[in-house]
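Please open the model in a viewer and keep the selection tool at hand. The tour below moves from the whole chain to a single pair of residues.

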Amino acid sequence: TYEKLWLAAAMVLIVGFIATITYGAVGPGVSMVDDDGGSIDPDAISDHERFGDTGVTHVGGNEYEVDVVAQAWSYSPGEIEVPAGSEVTFYVTSRDVTHSFSVVGTNINTMVIPGEVSQMTVEFDEPGEYGILCNEYCGQGHHNMEGKLTVV
Ligand code: CUA
C-alpha cells in the first residue's frame, strides 16, 4: 500500500539523518573530547591554566596546541600561525555567550559554549591561509566575528 511506501521512505530519511550526524561527530581528525573535565568557569578564564594565556604552544615533534577564547565579537588570539606538516589540537572556550569556531575550508566547525571546552585535532599538510568564522548568532557584531589561520 502507499502507506507502507511512505513509512519506508520516512525510515530511509531518518537513517540518512542519523548517518549524517554520526559522520559529523566522528569525521576525520575531529573529536569533541573535553580536556578540562567538562567545565570551566567563564568568569575565571584569565586565571585558568590553559586559557589565561591564549595562543600557540609547541608541545613536541610536529604537535602543537592552540588555546582560543571566543568573546563577542572576536577570538583571542585573532591570528594563528602554525607550520605545515603539523598536528594541531585546538582548545576553545567562550567567555560570554555561545559562539562557534569554524575554519573555512576545513572540517573544523565546533560550537563554543561558555563553561565548556571544545577540543579538536587536525593535521595541516600544506601551507595556506584560512578564515576563521563564527557560525552561531551571538549578537549585533556576529557577522564581524572572524580570525585568521595561517599555515606557513
Ligand atoms: Cu560569535 Cu557569532
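Helices and strands are runs assigned by DSSP, at least four residues for a helix and at least two for a strand, and they are numbered from the N terminus. On this basis, the chain of this predicted model contains one helix and 10 strands.

**The whole chain**

Begin by colouring the chain by secondary structure. Following the sequence, one meets the pattern α-β-β-β-β-β-β-β-β-β-β. Next, display the surface: about 8,800 Å² is exposed, and 55% of this area is supplied by carbon and sulfur atoms. Of the 152 residues, 34% count as buried. Among the contacts in the chain with a separation of 6 or more, 59% are between residues 24 or more positions apart.

**The five-stranded sheet**

Hide the surface and return to the cartoon. In what order do the five strands of the open sheet lie? The order is β4-β10-β9-β6-β7, and the pairing is mixed. Select residues 79-82 for β4 and 109-112 for β7; these are the edge strands, each of which pairs on one side only. Viewed from one strand to the next, the twist averages 20°.

In general, the strands of a sheet pair through backbone hydrogen bonds, in either a parallel or an antiparallel manner.

**One pair of strands**

Now select residues 99-103, which make up strand β6. Is the pairing of β6 with β7 parallel or antiparallel? The two strands run in the antiparallel sense, and their pairing extends over four bridges. To finish, select Ser-102 and look across to β7, where Asn-109 stands opposite.

Conventions:
Residues are numbered from 1 along each chain as its sequence is written. This is a predicted model: local features need pLDDT of at least 70, side-chain atom pairs count only at pLDDT 80 or more; totals for chains, interfaces and linings use all residues. Side-chain values use heavy atoms; hydrogens and water are left out. Two strands pair if DSSP finds at least two bridges between them. Axes are lines fitted to C-alpha atoms, for helices over the stretch in contact, and angles run from 0 to 180 degrees between N-to-C directions. Buried means under 20% relative accessible area, exposed over 50%, partly exposed in between (1.4 Å probe, protein chains only). Contact means heavy atoms within 4.5 Å. Accessible areas come from the Shrake-Rupley method with a 1.4 Å probe; for residues, only the protein chains shown count as cover.
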